[in-house]
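Biologist: I am new to this structure and would like a close look at one part of it, the pairing of charged side chains. Please start there, and then describe the elements that those side chains belong to.

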Amino acid sequence: MLPNDAIHIVPFEAKYARQVSELFHLAVQQIQHERYPKALLNAWSAAPRSAKHWQLRLGRTQAWILLVKEALGPQQCVGFINMATDFAHRGEIDSLYIHPDWQRQGLGKRAYRHLEDWAISQGYASLQVDASYLSRGLFMDMGFTQIQRSYQQKLGQILPSFYLRKMLPLNETLI
């Protein structure tokens with residue numbers, strides 16, 4: 001586990017869009033799981049999308065970037081999380097991706113906790129997510145309940161997922 005001061009969680013800015021694009025593509029393409037054959041991974045992300053795509057996608061949501069400062073280099077984006085905020089205070093988590101080299105170090109949970117703290121401070125009643133087989137365990141560990149199986153079709157491939165929900169505590173300062 002990384003020390004708390006090694007990772008900084010900051011609001012998304014357009015200057016991170018290229019790093020997010022490359023991280024997303026790499027994270028998808030390096031999945032090694034029997035439920036994710038190469039054709040499915042290619043349908044999910046055949047190549048990095050444009051920086052403009054990620055500027056638009058994350059710019060219209062509440063999004064955060066996980067940054068780590070390498071010893072002699074600039075800060076590197078090692079993860080991101082975002083939530084759509086236009087669902088009548090039911091937060092819809094859109095994405096949570098961690099760079100393959102930084103997975104299994106608690107970064108997904110840290111990113112989620114940051115999002116949840118923000119959602120509670122804003123008075124959100126619940127959070128929802130369409131979780132993959134790989135992220136389902138993380139969200140279940142964080143208190144989500146499975147509502148139903150779900151499926152998305154993309155480029156002729158079926159991406160199975162799990163629709164999960166978590167009720168949030170009321171923020172007493174908002175009452």
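Modeller: What follows takes the charged pairs in turn, and then the strands, the helix and the rings around them.

The model is predicted, so every value below is computed from predicted coordinates. Side chains of opposite charge can pair when their charged atoms come close. Counting a side-chain nitrogen of Lys or Arg within 4 Å of a carboxyl oxygen of Asp or Glu, the structure has four salt bridges. Three of them are described here, beginning with Arg57 and Asp94.

The side chains of Arg57 and Asp94 form a salt bridge with 3.0 Å from N to O. Arg57 belongs to helix H3, residues 51–59, and Asp94 to strand E4, so the salt bridge ties together parts that lie 37 residues apart in the sequence. How accessible is Asp94? Its relative accessibility is 39%, so Asp94 counts as partly exposed.

Another salt bridge joins the side chains of Lys109 and Asp141, and here the distance from N to O is 3.9 Å. This pair also links distant parts of the chain: Lys109 is in helix H4, residues 107–121, Asp141 is in helix H5, and 32 residues separate them. Lys109 has a relative accessibility of 29% and therefore counts as partly exposed. Asp141 has a relative accessible area of 57%, so Asp141 is exposed.

The salt bridge between the side chains of Glu116 and Lys166 has an N to O distance of 2.5 Å. Because Glu116 lies in helix H4 and Lys166 in strand E7, residues 157–167, this pair ties together parts that are 50 residues apart in sequence. Glu116 is buried, at a relative accessible area of 13%. Lys166 counts as buried too, with 14% relative accessibility.

Next come the strands. Strand E4, the home of Asp94, covers residues 90–98 and pairs with strand E3 in the antiparallel sense over six bridges. Across this pairing, Asn82 stands opposite Ser95 in E4. E3 also pairs with strand E2, residues 62–69, again in the antiparallel sense, over eight bridges. In that pairing, Gln62 has Met83 of E3 as its bridge partner. E3 itself runs over residues 75–84 and is mostly covered, with eight of its 10 residues buried.

Strand E7, which holds Lys166, also contains Ser161. The relative accessible area of Ser161 is 5%, so Ser161 is buried. The side chains of Ser161 and Asp130 are joined by a polar contact of 3.5 Å.

Helix H5 carries Asp141. It covers residues 133–141, and its buried residues are Tyr133, Ser135 and Phe139. Seen down the axis of H5, these buried residues fall within an arc of 145 degrees, so they line one face of the helix. An α-helix has 3.6 residues a turn, so residues three or four places apart point the same way. Just after H5, Gly143 takes a positive phi of about 100 degrees. Arg136 lies over the face of Phe162, with 4.6 Å to the centre of the ring.

Rings also pair with one another. A pair of aromatic rings is described by the distance of the centres and the angle of the planes. The structure holds 12 aromatic pairs. Among them is the pair of Tyr36 and Trp44, whose ring centres are 5.7 Å apart and whose planes meet at 35 degrees, so the pair is tilted. Tyr36 is buried, with a relative accessible area of 5%, and Trp44, at 15% relative accessibility, also counts as buried. Elsewhere, ring pairs link Phe24, Trp54, Phe80 and Tyr97 into a cluster.

Pro37 sits in the loop between helix H1, residues 17–29, and helix H2, residues 38–44. Pro37 has a relative accessible area of 44%, so it is partly exposed. The C-alpha atoms of Pro37 and Trp54 are separated by 25 Å, and the two residues are 17 residues apart along the chain.

To return to the request, the salt bridges described here connect H3 with E4, H4 with H5, and H4 with E7.

How values were computed:
Residues numbered from 1 in each chain as written. Predicted model: local features only at pLDDT ≥ 70, side-chain atom pairs only at ≥ 80, totals over all residues. Heavy atoms only, no water. Buried < 20%, exposed > 50% of the residue type's maximum accessible area, 1.4 Å probe, protein only. Helix = DSSP H or I, 4+ residues; strand = E, 2+ residues; numbered from the N terminus. Arc of directions from axis to C-beta. Phe/Tyr/Trp six-rings, centres within 6.5 Å; stacked < 30°, edge-to-face > 60°. Lys NZ or Arg CZ within 6 Å of the ring centre and 35° of its normal. Pairing = 2+ DSSP bridges. Polar contact = N/O pair within 3.5 Å; in protein donor to acceptor, adjacent residues only side chain to side chain.
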